[in-house]
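Student: I have a structure to read and would like to go through it with you step by step. Could we take it as a series of questions and answers?

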Amino acid sequence: MTSTPNSEERVAAPAFSSGDHAFMARALRLAERGAWTTKPNPMVGCVLVRDDDVVGEGWHQRAGGAHAEVHALQAAGDRARGATAYVTLEPCAHTGRTGPCAEALVAAGVARVVAAMRDPFPQVSGQGFERLRAAGIAVESGLMEAQARQLNRGFLSRIERGRPWVRVKLATSLDGRTALASGESKWISGEASRRDVQYWRARSGAILTGAGTVLVDDPQLTVRLEDGEEEFVPPLRVVLDPGLATVARGRIREGDAPTLYIHAPDAKPPRGLSAQVASVPVRAGRFDLEAVLRLLAERHHVNEVQVESGATLAGALLAANLVDEVLLYVAPVLMGAQARPLFSGLDIGSMAERLQLSLIETRQLGEDTRLLLQPAAPAG
């Protein structure tokens, strides 16, 4: 998931000041406030600065609402004239549900725009920069681009790779087990870990599971936050169920979140089913997982998928090189050799074939340890 700047941006790459870095860092922090509400749009923050003073700032708060630049310009008023706009993503130059931000910046009379990165969305992709430069505004890009890409890794995955960013959530014992041989898994992790999972669900566009998990655990897969916490867009609940064996049972359709059943082409959805359904090819008895992810990206505009399933689906995704991130909650318990592993179906015959993960972050949650890991080689 790397992008190569165009030749004009590469040649003109400026030396950014410490002040530039500080204001862009502030814009990135603002952008992150939209993590639960902007999907499927990217998270964007904007800070307007004149004479080293912040005169206005804003972030994209929800899809369909005003963009970050518009909020910042409204806060600044006339003080925006002659200011520098620090924005975490290239200002848009097209009219969607809102007007083009590049035009708003031109009309406000800003003198300089510093962007963290170019927007790869085809309707933008350099056109915002072109419009600003055509109006005589100085444009510089590439400041803290790595941080900006990490922030919007889901959106960028959908646009650049045609599939969502895939995060597999697992709770494990110290001996690497995720469920007893019977399938029982409630609860391996502690209350603090289970509460933390809700925040990761809130930023996800979809939560993916398999029919086996629905039958054994009867999960609801909704976001459950404390009263008074921030608003969020409920993620789509997705069940991989080739024969639609779970449609008549379970809590998976309760609550306000929508539910999608993905089934084999020869399965017949029952009449009157209120949930959404879609078919995906099955090969050798297994779903084409790449096709599943493409469907979620193209039809449902999902940026991030959180997988909450058993070892079989988790292992299939990992074996297919479709896992971008592993969210692992390690509890100080032992479950024994007969319990189920983290990932099933990995055919590893030698140490040379072992799968290497990079540790991105570690956090203590009560007695549990949360690890955020990514495949050492980029997935896909």
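Student: Which residue of β18 stands opposite S358?

Tutor: This is a predicted model, and in it strand β18 covers residues 368–375 and pairs with β17 in the antiparallel sense over eight bridges. S358 lies within β17, which spans 357–365, and the residue of β18 that stands opposite S358 is Q374.

Student: In which order do the strands of the nine-stranded open sheet follow one another, and which stand at the edges?

Tutor: The pairing in this sheet is mixed, and the order is β11-β10-β9-β8-β14-β6-β15-β18-β17. Because β11 and β17 have a single partner strand each, one side of each is left without a neighbour in the sheet. The strands at the edges are therefore β11 and β17.

Student: By how much are neighbouring strands of the nine-stranded sheet turned against each other on average?

Tutor: The sheet in question is the open one with nine strands and mixed pairing. With direction ignored, its neighbouring strands are turned against each other by an average of 20°.

Student: Which strands does helix α8 lie across, and at what angle does the helix run to β15?

Tutor: Helix α7, residues 153–161, lies across β6, β14 and β15 and runs at about 130° to β6. Helix α8, residues 191–203, lies across β6, β8, β14, β15, β17 and β18. The angle at which α8 runs to β15 is about 165°.

Student: What is the order of the strands in the sheet of five?

Tutor: This sheet is also described as open with mixed pairing, and its edge strands, β2 and β5, pair on one side only. Strands β4 and β5 pair in the parallel sense over four bridges, and one of the bridge partners is V139 in β5, for V113. The order of the five strands is β2-β1-β3-β4-β5.

Student: Which helix packs on this sheet by touching β4 and β5?

Tutor: Helix α3, residues 68–76, touches β1, β2 and β3, and its direction makes about 140° with that of β2. The helix that touches β4 and β5 covers residues 127–134, its direction makes about 150° with that of β5, and its name is α5.

Student: Why do the buried residues of α3 lie on the same side of the helix?

Tutor: The buried residues in α3 are A68, E69, A72, L73 and A76. In general, an α-helix has 3.6 residues a turn, so residues three or four places apart point the same way. The buried residues of α3 pack against β1, β2, β3 and α4. They lie on the same side of α3 because they cover an arc around its axis of only 125°.

Student: Is C46 buried or exposed?

Tutor: C46 is found in strand β1, and beyond its neighbours within four places in sequence it is in contact with residues including A27, L30, A68 and V87. Since a residue counts as buried under 20% relative accessible area, and C46 has 0% relative accessibility, C46 is buried.

Student: Which three residues touch the most other members of the largest nonpolar core?

Tutor: This core has 48 residues, and its largest share, seven residues, comes from α2. A second, separate core has 35 residues, among them L170, A206, L342 and L373. In the largest core, the residues that touch the most other members are M24, L48 and V113.

Student: Is L244 buried or exposed?

Tutor: L244 is found in the loop between β9 and β10, and its phi is positive, about 55°, although L244 is not a glycine. D51, in the loop between β1 and β2, also has a positive phi, near 55°, and counts as exposed at 67% relative accessibility. L244 has a relative accessible area of 8%, so L244 is buried.

Student: Which helix has the lowest confidence in the chain?

Tutor: The mean pLDDT of the chain is 90, and 93% of its residues reach 70 or more. Over residues 7–11, however, the pLDDT is below 50. Where pLDDT is low, the predicted coordinates should not be read in detail. The helix with the lowest confidence, at a mean of 46, is α1.

Methods
Residues are numbered from 1 along each chain as its sequence is written. This is a predicted model: local features need pLDDT of at least 70, side-chain atom pairs count only at pLDDT 80 or more; totals for chains, interfaces and linings use all residues. Side-chain values use heavy atoms; hydrogens and water are left out. Helices (H or I, at least four residues) and strands (E, at least two) are DSSP runs, numbered from the N terminus. Buried means under 20% relative accessible area, exposed over 50%, partly exposed in between (1.4 Å probe, protein chains only). Contact means heavy atoms within 4.5 Å. Two strands pair if DSSP finds at least two bridges between them. Axes are lines fitted to C-alpha atoms, for helices over the stretch in contact, and angles run from 0 to 180 degrees between N-to-C directions. A nonpolar core is a set of buried Ala, Val, Leu, Ile, Met, Phe, Trp, Tyr and Cys residues joined through side-chain atoms within 4.5 Å. The arc is that of the directions from the helix axis to the C-beta atoms. pLDDT is the predictor's confidence in each residue, from 0 to 100.
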